[in-house]
Amino acid sequence: MESNMIIILAGIIIAMIWLIVCIVIEEKNRKYIIMTGIMIDVVLFMICRNCKLFLIGVAGGLLCGSVPNFGNLWKYEIAVREMKGVKNWVVVSIILFVMIFMAIGIAYPDLEIVFG
């Protein structure tokens with residue numbers, strides 16, 4: 001397997017582990033897990049330094065976290081209930097998407113995103 005694919009897979013696996021821990025942890029300790037996710041995103045951004053991929057991750061997280069009809073409505077309601085509100089679900093979605101897109105940016109540093 002190519003090293004770029006290993007980096008992307010490792011990034012996705014770490015992001016999914018973070019999401020599972022965020023869901024499993026009790027509400028009072030969840031803020032520490034969210035802060036850890038933000039710190040991971042900051043470190044990944046400092047390594048990657050690709051602002052466009054960062055913005056795509058933020059936009060994807062906003063879209064996935066705030067639009068209930070984007071996916072299955074029943075699963076969206078379960079996620080919002082588990083995270084104790086839409087705001088928390090949006091924040092977690094943004095952190096997750098940024099982690100994934102920063103892993104892509106680290107794997108492919110020459111990747112150029114063109115808007116418009």
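## Close-ups of a predicted model

**Figure 1. Lys 52 and Glu 112 join their side chains in a salt bridge, 3.6 Å from N to O.** A salt bridge here means a side-chain nitrogen of Lys or Arg within 4 Å of a carboxyl oxygen of Asp or Glu, and by this rule the count comes to one. Lys 52 sits in helix 3 (residues 51-66) and Glu 112 in the segment after helix 5, so the pair ties together parts that are 60 residues apart in sequence. Helices are DSSP runs of H or I with at least four residues, numbered from the N terminus. How accessible is each partner, Lys 52 and Glu 112? Lys 52 counts as partly exposed at 29% relative accessibility, while Glu 112 is exposed at 58%. (Buried is under 20% relative accessible area, exposed is over 50%, and partly exposed is in between, using a 1.4 Å probe and protein chains only.)

A quick note for all the views: this is a predicted model, so local features need pLDDT of at least 70 and side-chain atom pairs count only at pLDDT 80 or more, whereas totals for chains, interfaces and linings use all residues. Residues are numbered from 1 along each chain as its sequence is written, and side-chain values use heavy atoms, with hydrogens and water left out.

**Figure 2. Helix 1 (residues 3-24) keeps its buried residues on one side.** Tucked away here are Asn 4, Ile 8, Gly 11, Ala 15, Trp 18, Leu 19 and Cys 22. They cover an arc of only 100° around the axis, which puts them on the same side of the helix; the arc is taken from the directions from the helix axis to the C-beta atoms. An α-helix has 3.6 residues a turn, so residues three or four places apart point the same way. Turned away from that buried side are the exposed residues Ile 17, Ile 20 and Val 24. The buried residues of helix 1 pack against helix 2 (27-48) and helix 5 (86-107).

**Figure 3. Trp 18 is among the residues with the most contacts inside the largest nonpolar core.** Such a core is a set of buried Ala, Val, Leu, Ile, Met, Phe, Trp, Tyr and Cys residues joined through side-chain atoms within 4.5 Å. This one has 24 residues, and Cys 22, Trp 89 and Val 92 join Trp 18 on that most-contacts list. Helix 5 gives the largest share, 10 residues. Leaving aside neighbours within four places in sequence, Trp 18 is in contact (heavy atoms within 4.5 Å) with residues including Ile 33, Gly 37, Val 92 and Met 99.

**Figure 4. Helix 2 also lines up its buried residues along one face.** Arg 30, Ile 33, Ile 34, Gly 37, Asp 41, Leu 44 and Cys 48 are the buried ones. Seen down the axis, they fall within an arc of 105°, so they line one face of the helix. On the other side, Lys 28, Lys 31, Tyr 32, Met 35, Met 39 and Met 46 are exposed. Just after helix 2, Arg 49 takes a positive phi of about 55°.

**Figure 5. One aromatic pair turns up in a search of the whole structure.** The ring centres of Phe 45 and Phe 54 are 5.2 Å apart and their planes meet at 55°, so the pair is tilted. (Rings of Phe, Tyr and Trp, the last by its six-membered ring, pair if their centres lie within 6.5 Å; planes under 30 degrees apart are stacked, over 60 edge-to-face, and the rest tilted.) Phe 45 is partly exposed at 26%, and so is Phe 54, at 30%.

Methods. Helix = DSSP H or I, 4+ residues; strand = E, 2+ residues; numbered from the N terminus.
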